[in-house]
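Colleague: I'm new to this structure and I'd like a close look at one part of the interior. Could you pick a buried residue in a helix and take me outward from there?

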Amino acid sequence: GAREHFDFFVLSDTNNADLRAAEAAAWQSLCEQLGGDARVFYRWRTQRTKKKAGNVADFCRRWGRDYRYMVVLDADSVMTGDCLATLVRLMENNPSAGIIQTAPRVSGRDTLHARVQQFASRAYGPVYTAGMHFWQLGESHYWGHNAIIRVEPFMRHCALSPLPGKGPFSGEILSHDFVEAALMRRAGWQIWIAYDLQGSYEQFPPNLADELTRDRRWCHGNLQNFRLIVEPGLHVAHRAVFLTGLMAYLSSPLWLLFLVCSTGWMVMNAWNAPPMDEVHALWSPIIEPSGTAIALLGLTMAVLYVPRLLAIVLAFARGETAGFGGGARLLASTACEFALSALLAPIRMMFHAQFVLDALVGRQSGWRSPTRDDAETSWADAWRRHGTHTLIALTWGTGVWLVDRSGLPWLMPILGALAIAVPVSVLTSRAATGRRARALGLFVIPEENAVPPVLTEARRYAQAARWTATFADAVLDAQVQHACQEAHGQRRASRGLKAVSFAARVDVALVGGPQALTPRDRMALLSHPAALAELRSRVLTEHVAHPGWFDRRTSGASQDVRLPVAQPADVGLPAPTLAAGELAAVASAVATPNTAYPDR
């Protein structure tokens, strides 16, 4: 009931011409379905700087002054209309609030890995976010999405310049969201977590490999943010956020160092039998499990598992177990999640330690868009990612067994997890395994027992609106070409050398087919409506047109584009048609021997 108060912007910076054509076609289809009052705008920017933060900055520069608030969403975000409207009311009623972050619930995946993470987030997450709200109050987190932002102070105080200097921790800020929250608070605006607001959802990476790919960028960003911990004027709470973000990844190499030192003490004890005091026993519980070592182990387990157990107790106390499949299945799911998290912890430790080392020596983490479907990990990919760690674990375990077998049981939970990392990574990435677990009642969340209508509609629309439009369609299909022209607006006619450059691109595409164009050439033609229209006209009328334009095997999407085939009728558009004259020209071009390629 408040749609007239909202405008919707789709911000894109893709450098794939096929995806860009598909985006434009999907945008036009959506606008036609919504009617004349669609208020949905598509923006593709040429300069791909600062990644996601650059998209938001580009929006603020062009349209920020027109809006009091903006709600930032990721491509996998889902929000109800009630949630959006409530966020606006909260901002209106709290004039000192600069950012209000929702606590999005995770759902929508079928792989076993994602289902376990969905269950953990849904079962334990409310306790964690409520605790964060209690301790942080108006100095809280901003996670970069599913949050409402007061635009004017954001534009004034949160523009991010590159970190000065040279080296791995200079340049563009990667974990921009934490920094933006700190800068907003420094300017006097509060950041809150609406921990109990319903209707905000997101998705989790479908497999361990994709999760670790995301973690590599997060690791580099958190290490980079540590430079800002002494930035003048920052609130102590946000300095603590930078510190905990650093320790979230630095704890892995520290843990690995602890294990190496423990093994070293064991080897020294086996060869030289030195006297062990309490300090030595702390470093080497595998030699003599002292009271200090047992206390350290107990404290670690308490920090890791007591909050989770409190969350389960709260679910029973509130009568919320039915949403998780019942009390018995909730307990069984919790036990399985405990076991799997313990199994994955050493695997994450090795990767996070590697990420820290890569960041310290200056290896770039990159920025790859996350997978938006239930992608599965192949055995070859798993061996490539985990094979080295498996060999290290087997060698390590064999050495301990040869030196002192009594120490092996202490290391087996860690070395054993690393030894079976390959099958764990593969099997947990399988959607069939996840669906089998759901059939047994494991890792069920309330959003599956009573699916919110907004998630049902989102999934239905996503399945129906998946286009396979490509760059070739933007040339041949009048509707897709019109969508690209509408999406990117009209441009003045090129002159001089620029006009010659576009004419040359058209000639190359005409004679050599779509595969003769470089990715940069394709993107340039999509941005030039006049050149695109000329190419379409010449392909359909000239006999020298390469037959690849009419062969879907060569003019289709590239191998990197994995969009399932769907008929245009699925999204409410008629099938693409050609006028009678165009159809005759196509028939003539195909039937007439091609002068450039007579063998075809």
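Modeller: A helix here is a DSSP run of H or I covering at least four residues, and helices are numbered from the N terminus. With that in hand, let's start at Ile312, which is found in helix α10. Keep in mind that this is a predicted model. For orientation, the protein chain has 24 helices and 9 strands, and 47% of its 600 residues count as buried. Among contacts with a separation of 6 or more, 80% join residues 24 or more positions apart.

Back to our residue. Ile312 has a relative accessibility of 6%, so it counts as buried. Setting aside neighbours within four places in sequence, Ile312 is in contact with Ala123, Tyr124, Leu330, Leu331 and Thr334. Take Tyr124: 188 residues separate Ile312 from Tyr124 in sequence, yet their C-alpha atoms are 7.4 Å apart.

Some of those contacts take us across to the next helix. Leu330, Leu331 and Thr334 are in α11, and they are among the residues there that meet α10. In general, a packed pair of helices is described by the angle between the two axes and the distance between them. For α10 and α11, the axes come within 11 Å and cross at roughly 165°. Angles over 145 degrees count as roughly antiparallel, and α10 and α11 are therefore roughly antiparallel to each other. Their crossing is right-handed.

Who sits along that contact? From α10 come Tyr305, Arg308, Leu309, Ile312, Ala315 and Phe316. Facing them in α11 are Gly327, Leu330, Leu331, Thr334, Glu337, Phe338, Ser341 and Ala342. Sort these residues by class and you get 9 nonpolar, 3 polar and 2 charged.

Now look at the loop between α10 and α11, where you'll find Ala322. Ala322 has a relative accessibility of 58%, so it counts as exposed, whereas Ile312 counts as buried. Ala322 has a far-off partner in sequence too: Asn449 is 127 residues away along the chain, but the two C-alpha atoms are 8.7 Å apart.

Let's widen the view to the largest nonpolar core, which has 47 residues. Tyr124, the residue we met beside Ile312, is one of those with the most contacts inside this core. The others on that list are Phe119, Leu223, Ile347, Trp396 and Phe443. Both of our helices feed this core: α10 (291-317) and α11 (327-361) each give two or more residues, as do α4 (112-136), α7 (208-225), α8 (236-272), α12 (379-403), α13 (408-419) and α14 (421-428). The largest share, 12 residues, comes from α11.

Two of the highly connected core residues deserve a moment. Trp396, leaving out neighbours within four places in sequence, is in contact with Leu256, Leu259, Val260, Thr263, Leu411 and Leu415. Phe443 lies in the loop between α15 (431-439) and α16 (446-449). Despite that loop position, Phe443 is at 5% relative accessibility, so it counts as buried. Its backbone has a twist as well. Most residues other than glycine have a negative phi. Phe443 has a phi near 60°, a positive value.

Leu137 makes a handy companion, with a positive phi near 50°. Leu137 is found in the loop between α4 and β7 (147-150). Buried stops under 20% relative accessible area and exposed begins over 50%, so Leu137, at 41%, is partly exposed.

Finally, step away from this region. Apart from the largest core lies another core of 37 residues, including Trp27, Ala487, Ala509 and Leu525. Trp27 in α1 and Ala487 in α19 also take part in the contact between those two helices. The axes of α1 (17-34) and α19 (478-488) come within 8 Å and cross at roughly 90°, which makes α1 roughly perpendicular to α19. That contact has 8 nonpolar, 4 polar and 2 charged residues. So if you go back to Ile312 in α10 now, you can set the roughly antiparallel α10 and α11 beside the roughly perpendicular α1 and α19.

Definitions and conventions: Residues numbered from 1 in each chain as written. Predicted model: local features only at pLDDT ≥ 70, side-chain atom pairs only at ≥ 80, totals over all residues. Heavy atoms only, no water. Core = buried A, V, L, I, M, F, W, Y, C linked by side-chain atoms within 4.5 Å. Buried < 20%, exposed > 50% of the residue type's maximum accessible area, 1.4 Å probe, protein only. Contact = heavy atoms within 4.5 Å. Axes fitted to C-alpha atoms, helices over the stretch in contact; angles between N-to-C directions. Parallel < 35°, antiparallel > 145°, perpendicular 65-115°, else oblique. Left-handed = near helix turned anticlockwise from the far one by under 90°. Nonpolar A, V, L, I, M, F, W, Y, C, P; charged D, E, K, R; others polar.
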